[in-house]
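Work through the following exercises with the sequence and the model side by side, trying each task before reading the solution beneath it.

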Amino acid sequence: MTAPGRPGRFRRGRTLARFARPYTRRGIVAGFTMIVATGASVAGPVVAKQVIDSGIRPGDYSRVVEWVAVFLAVVVVGWMATAAQSYLTSWVGERVLADIRVAVFAHVQRLDLGFFERTPAGVVISRLTNDIEAMNSMVTDGPTTLLQNTLTLVGSAVVLLVLDWRLALATLTVFPAMAIGTAIFRRYSGRAYRRTRERMGDVTASLQEDISGVRVVQAFRREDANYRQFLGVNDRYRAANVQTVNAAAIYFPFVSLLSAVATAVVLGYGGLLVFHGQLSPGSLFAFIGLLSNFFDPVQQLSQFYQTMLSAMAALEKIVEVFDTEPAMADAPGARPLPQIAGKVEFADVHFAYSQSSAEVLHGVSFRAEPGQTVALVGHTGAGKSTVVKLLARFYDPTAGRVLIDGTDVRDVSAHSLRSQLGIVPQESFLFSGSVRANIAFGRPEASDEEVIAAAEAVGADAFIRALPDGYDTEIQERGARLSIGQRQLVAFARALLADPRILILDEATSSVDIPTEARIEEALETLLHGRTAFVVAHRLSTIRRADVIVVLEHGRVIEAGTHRQLIERRGRYFALYDDWVEAVA
Ligand SMILES: Nc1ncnc2c1ncn2[C@@H]1O[C@H](COP(=O)(O)OP(=O)(O)OP(=O)(O)O)[C@@H](O)[C@H]1O
Ligand SMILES: [Mg+2]
């Protein structure tokens, strides 16, 4: 996988457009209501001018009444149109955001394990929550602010020019200064906002890690150290925010200043024109009214600009996630793997976790016939877990091949491969939900009878029935309410119910009490029966029973055979076995 660079503005715009497309029709209706609302706001001062110039000044009170009525009508239309448009735009905006959130989630789920090893979970969570939230005001209020203010701006400019072009041109002289100010603001602020997104991710990542690890933190009395570390992370986030605030603190008053300068120009120059009788007092009044009509949008647009810079920084981070391709995507011509018998062969497999890191498997070869149990043994770090990760195709070998029934796992679709594999990791991961749902995790359509049968087969039924709500007991996040041994039995039942052709089991080293140990052993027997199984084994009983024992050392297979063969050879396995027996004795 290649690390994506910063996606350009074009890419971000396209991403937004893609998510907005399904709502085009409502968007158009919203645009129409916006135009009406804007028209009403521009028409207000013009009607007021009529009240003065054709009603009050000629002293015709009936005209005053007429024009006041028109004025009220304009206000009511404007109010209704504004209400409709804010409803419609937030409706569309919220849906676009929800769609983006779902799309990011779906994309993240497809990414390879390597991505999750590189990227802290908290950062991924921040992309899905904070960064999408940061786009909220842009997506919901943005189109309105942008269209309405631009229309108001252009409309007011036209009316100003019609009223008195000399005065209008005099006002526009402030614009070059504004353009320069905005360009500087954008450069500085854009950078600052990108930084806030990154720092925000650090905050979430730090929180996520500390909260998940709270038991260890408390056990080692690391509260103060973690507190101080969090202060640091939090402070860096604050500092990044302050930079954006500083930029805004200079920019917005600058925009106000320009609008005050423009008013001064109009009052001075317009007053002169009224003195000379070249402009009616009503026109000067309308002009000043319109001037705020003209500069309000400028203010609003500049504020929106800030919102947009922030949102764009967030969107950039989200686009980066979209640009991250799963490294383990199916090959173009990938076929579904047909129903397998369960023959597995590693042929001279070399592997490194990344291009920059050292090779951890140096030509591993072995084979397992259908139905055999293969025990992988070796010292810690020898490469046992790595071997099973390659078999499940969480990674691809850098050289050599992994074959199932003679088919290279890279040639088949990952979905069809995994649906025939069962994996019981070292620390089984249970999800929040009922015990039943956790057992049926790999086969949600399984009936209650099947779930119970699976639990019975691995000897989990008794303890599950003893739980407060039996099979309906809610297991908290990660199964926090069950003991490790119980969690493992649930995981066994889950694997058994999924009935995979090939079972991968990273056996827990943690010692459980003798009765549980015996129960787990029995459960294993049931589980391994009739399928090819790879067991990263620490339990002597499991190892002894295996059909093939593969001894790994420093990423190489140094011995392979049955327990008896290896003992007779008096090699490395024999030495390991000696240690074990001694440890147990
Ligand atoms: N995600 C990873 N990224 C980089 N290197 C890794 C990764 N996982 C494991 N390694 C390295 O690969 C080597 C083999 O690790 P592996 O997890 O396969 O060992 P193991 O035999 O399962 O050990 P244990 O018995 O302790 O579980 C080790 O040197 C380890 O440091
Ligand atoms: Mg391991």
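**Exercise 1: a residue in a strand**

V364 counts as buried, because 24 C-beta neighbours lie inside 10 Å of it, and the coordinates used here and in the exercises below belong to a predicted model. Locate V364 in its strand and list the residues that it touches beyond its sequence neighbourhood.

Solution. Begin with the secondary structure, where V364 falls in strand 2, which covers residues 359-368. Next, check the burial against the cut-off, which asks for 20 or more other C-beta atoms within 10 Å; V364 has 24 and therefore passes. Then set aside residues up to four places away in sequence, after which the residues touched by V364 are F346, V349, V387, R556 and V557. Finally, compare sequence with space for the pair V364 and E345, which are separated by 19 residues along the chain and by 10.0 Å from C-alpha to C-alpha.

**Exercise 2: the span of two helices**

Decide whether the end-to-end distances of helix 8 and helix 10 agree or disagree with the rise of 1.5 Å a residue.

Solution. Take helix 8 (residues 175-212) first: its 38 residues should span 56 Å at 1.5 Å a residue, and because its end C-alpha atoms are 54 Å apart, the two values agree. Helix 10 has 53 residues, for which 78 Å is expected, and the distance from its first C-alpha to its last is 76 Å, close to that expectation. Just after helix 10 comes G277, with a positive phi of about 70 degrees.

Continue with burial along the two helices. In helix 8 the buried residues are F185, S189, A192, Y193, T196, R197, M200, G201 and T204, and their cover includes helix 5 (121-134), helix 10 (223-275) and helix 11 (281-323). In helix 10 the buried residues include Y237, A240, T244 and A247, and the elements that cover the buried residues of this helix include helix 7 (165-172), helix 8 and helix 11.

**Exercise 3: a helix pair**

Describe how helix 3 and helix 5 pack, and name the residues that make the contact.

Solution. Two packed helices are described by the angle between their axes and by the distance between those axes. For helix 3 (residues 61-110) and helix 5, the angle is about 170 degrees and the axes are 10 Å apart. Angles over 145 degrees count as roughly antiparallel, and helix 3 and helix 5 are therefore roughly antiparallel to each other. On the side of helix 3 the contact is made by L97, I100, R101, V104, F105 and V108, and on the side of helix 5 by V124, R127, L128 and I132. Sorted by class, this contact has eight nonpolar residues, two charged residues and no polar ones.

**Exercise 4: positive phi outside glycine**

Where do R221 and R570 lie, and are they buried or exposed?

Solution. R221, which is not a glycine, has a positive phi of about 50 degrees and sits in the loop between helix 9 (214-219) and helix 10. R221 counts as exposed because it has 8 C-beta neighbours inside 10 Å. R570 has a positive phi near 55 degrees and belongs to the loop between helix 20 (563-569) and helix 21 (572-584). R570 is likewise exposed, with 10 other C-beta atoms within 10 Å.

Conventions
Residues numbered from 1 in each chain as written. Chains lettered and ligands numbered in written order. Predicted model: local features only at pLDDT ≥ 70, side-chain atom pairs only at ≥ 80, totals over all residues. Helix = DSSP H or I, 4+ residues; strand = E, 2+ residues; numbered from the N terminus. Expected span 1.5 Å × (residues − 1). Buried ≥ 20, exposed ≤ 12 C-beta atoms within 10 Å, placed from the backbone. Contact = placed C-beta atoms within 7 Å. Axes fitted to C-alpha atoms, helices over the stretch in contact; angles between N-to-C directions. Parallel < 35°, antiparallel > 145°, perpendicular 65-115°, else oblique. Nonpolar A, V, L, I, M, F, W, Y, C, P; charged D, E, K, R; others polar.
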